[in-house]
Amino acid sequence: MKEENKKALVRLYENWGNDTVTKVIELPPSGSARTYCRIVGDKMTVLGVHNEDYKENVAFISFSKHFKQEGMLVPEIYAEDLDNSIYLIEDFGGETLFEHLLVTRVSDEYPVELKEIYQHVLRDLIQFQLYARQNLPYENCYPRAKFDKQSMLWDLHYFKYYFLKLAQIPFDEQLLEDDFQRFADYLLEAEHDFFMYRDFQSRNIMLIDGKKPAYIDYQGGRKGALQYDLASLLYDAKADIPEEVREELFEYYLNELQKEKQIDADAFRKHYYGYVLIRIMQAMGAYGFRGFYEKKEHFLKSIPYAMGNLKRVLQKADLPIKVPQLLKALDAVANSKRLLKIAQDAQVKLQVEINSFSYKRGIPMDKSENGGGFVFDCRAVHNPGRYEQYKNLTGKDPEVIAFFKEHKGMDRFLKPVKKLVEMSVKRYIKRSFTNLQVNFGCTGGRHRSVYAAEHLANFLEKKYDIRVKVRHIEREIEENAN
C-alpha cells in the first residue's frame with residue numbers, strides 16, 4: 001500500500017473514531033488490486049481498504065450494509081471516502097477457513113470439526129441465496145447484474161484463451177464455440193433468480209475464534225443459480241475436500257434447502273454438475289492467466305487438484321445435451337500428462353521463515369502467498385536479560401544457551417511449539433505450499449525469542465527437506481542503526 005493511502009486512511013480513522021492511531025500494519029497482498037492495512041487505535045482496531053475501482057467499492061459497501069441489516073455476519077462499514085478510494089471496515093482477524101483447514105487436517109481422516117464448520121457455512125449460504133437477496137441493491141452489481149449468457153461466455157472464453165490455448169490442448173475452435181453456446185443455454189434452464197456470491201470459497205470465509213464463519217469479498221455478487229456457489233465451495237481446488245465428504249455436504253445442503261424451498265432434487269443435481277464444470281473452467285482460466293501468461297508459477301500448482309476434480313465430475317455429469325467438442329477438450333485436460341509435468345516442475349521446496357522480534361515493534365508481516373503461520377509469545381519463559389551478565393548478549397551466545405539449558409522453562413515451552421509447527425510443515429509439504437512463517441516474540445527481541453528461533457530452525461533443518469530462513473529483526477535494526 002502506498003504511503004499516501006495509509007495516511008489518508010489514518011486521517012479517515014481519526015476523524016471517524018475520534019481516536020489516536022498507535023500502529024498501522026500493512027497486510028499481505030491479495031489476488032486483487034485492493035490493498036489492506038490494519039489500523040490500531042487506542043480504542044479499537046479496524047481494517048483500512050484502498051481500491052481504485054469505484055464501482056467495485058460501491059458494490060461492496062452497499063452489499064455489506066444490506067447484508068448486515070439482514071443479520072448476516074459480514075464486515076460493518078465504519079467510514080468511507082470514495083472520492084479518495086478508501087474505506088474502513090470491521091476487522092475479523094486473520095484466519096480464513098482455508099488456513100484453518102490446513103492446520104486442522106493433519107491426517108487423511110477428515111475432522112468432524114471441519115464438517116461442522118462447512119455445514120454452518122452451507123446454512124449461511126442458503127440465507128444469502130434465498131433471504132438476504134431480498135431488496136438487495138442489484139443496480140450496484142458489478143460488472144453485471146446477472147450471471148447470464150454473456151457472463152458465462154466470458155468465463156468460457158477466459159478458459160479457452162488463457163488455459164486451453166496456453167496449455168496447448170487441441171480443439172476445433174468453431175465446434176467448441178458451438179458447444180459453448182449450447183452449454184450456456186443449458187445452464188440457464190436452471191432457476192437463476194437468487195443471489196449468487198460468485199466467489200464463495202474457503203479464502204473468502206473468515207473464522208472468528210476458530211469456528212464462527214464470517215463472509216467477505218462478495219462485491220462480484222449478482223443474480224444467478226443456486227448451484228454455482230455450492231460448486232464454488234465444494235470444488236474449491238486447494239481445499240481438497242475428499243469425494244465422500246463432498247457428497248455428504250452436497251446432500252446436507254440439499255436437505256437444508258428443501259426445508260426452505262420446494263425443488264426437484266434430480267433436476268437440481270443434473271444442473272449442479274454443469275455449474276461445477278463452468279466453475280472449474282473459470283478457475284482454470286485464472287490459473288492459466290496467472291501461471292502461463294503472467295509467469296506466476298505458484299498458480300500452476302493448483303492445476304493437479306483442478307484436474308482431479310474435473311476427472312471425477314466428468315464421470316458423474318451425464319449432461320443431457322450434446323457438447324462433444326467441449327467434453328473432448330475437458331477430457332484432454334483431465335488426463336494431460338504434460339499439464340501434470342508443468343505443475344510438478346513448478347513445485348519448489350517449502351520455505352519456513354522463522355523470525356525473532358520485540359513486541360515493542362509489533363508482529364512481523366507475512367508477505368508470502370499463503371499468509372499462514374504462527375506467533376509464539378516467549379515472555380512466559382524466564383528472561384536472562386534481567387541479569388547484568390547477559391544484558392549485552394543474545395540468544396545465540398553460548399552463555400545464554402547454557403542459561404536456557406539450566407532453566408528448563410524454555411524446553412517445556414518449545415516442546416508443544418515444535419509439535420504444532422511440525423503439523424503444518426507436514427501438511428504444507430503434502431499440499432505443495434511454498435511458505436510458512438513462524439514468529440517468536442519477547443520483550444526486547446534479543447534473548448528468549450532469538451534462542452527459540454534458532455532452536456526451531458535447527459530442529460526443522462535436520463528433520464525435513466525444506467528451506468529455513470532465520471531473521472532476528474531486533475538485531476537487524478540495531479546493526480542498520482550503527
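Domain 1 (3–89) and domain 3 (351–481) each give at least three residues to the lining of the second largest pocket. The model is predicted. Two topics follow: this pocket, and a sheet that shares the strand β10 with it.

**The second largest pocket**

- The second largest pocket holds about 390 Å³ of space.
- Its lining counts 17 residues. Closest to the centre are Arg361, Gly362, Ile363, Pro364 and Met365.
- Three elements each supply at least two lining residues: β1 (21–26), β10 (351–358) and α16 (473–481).
- β1 gives the most, with 4 residues.
- Sorted by class, the lining has 8 charged, 7 nonpolar and 2 polar residues.

**The open sheet**

- An open sheet is built from 4 strands, in the order β11-β12-β10-β13. Their pairing is parallel.
- β11 (373–377) and β13 (467–472) are the edge strands, and each pairs on one side only.
- From one strand to the next, the twist averages 15°.

**Strand β10 and its partner β13**

- β10 pairs with β13 in the parallel sense, over 6 bridges.
- Glu353 has Lys469, in β13, as its bridge partner.
- β10 also supplies at least two residues to the lining of the second largest pocket.

**The helix across the sheet**

- Helix α14 (residues 409–430) lies across three strands: β10, β11 and β12 (435–442).
- α14 runs at about 165° to β12.

Notes: Residues are numbered from 1 along each chain as its sequence is written. This is a predicted model: local features need pLDDT of at least 70, side-chain atom pairs count only at pLDDT 80 or more; totals for chains, interfaces and linings use all residues. Side-chain values use heavy atoms; hydrogens and water are left out. On a 1 Å grid over the protein atoms alone, a cavity is a set of points where a 1.4 Å probe fits but cannot get out, and a pocket is an open set with protein on both sides within 12 Å along at least five of seven lines; lining residues have an atom within 4 Å of a point. Grid points are joined across faces, edges and corners, and a volume is the space filled by probe spheres set on the points. Ala, Val, Leu, Ile, Met, Phe, Trp, Tyr, Cys and Pro count as nonpolar, Asp, Glu, Lys and Arg as charged, and the others, Gly among them, as polar. Domain bounds come from an automatic or database domain assignment. Two strands pair if DSSP finds at least two bridges between them. Axes are lines fitted to C-alpha atoms, for helices over the stretch in contact, and angles run from 0 to 180 degrees between N-to-C directions. Contact means heavy atoms within 4.5 Å.
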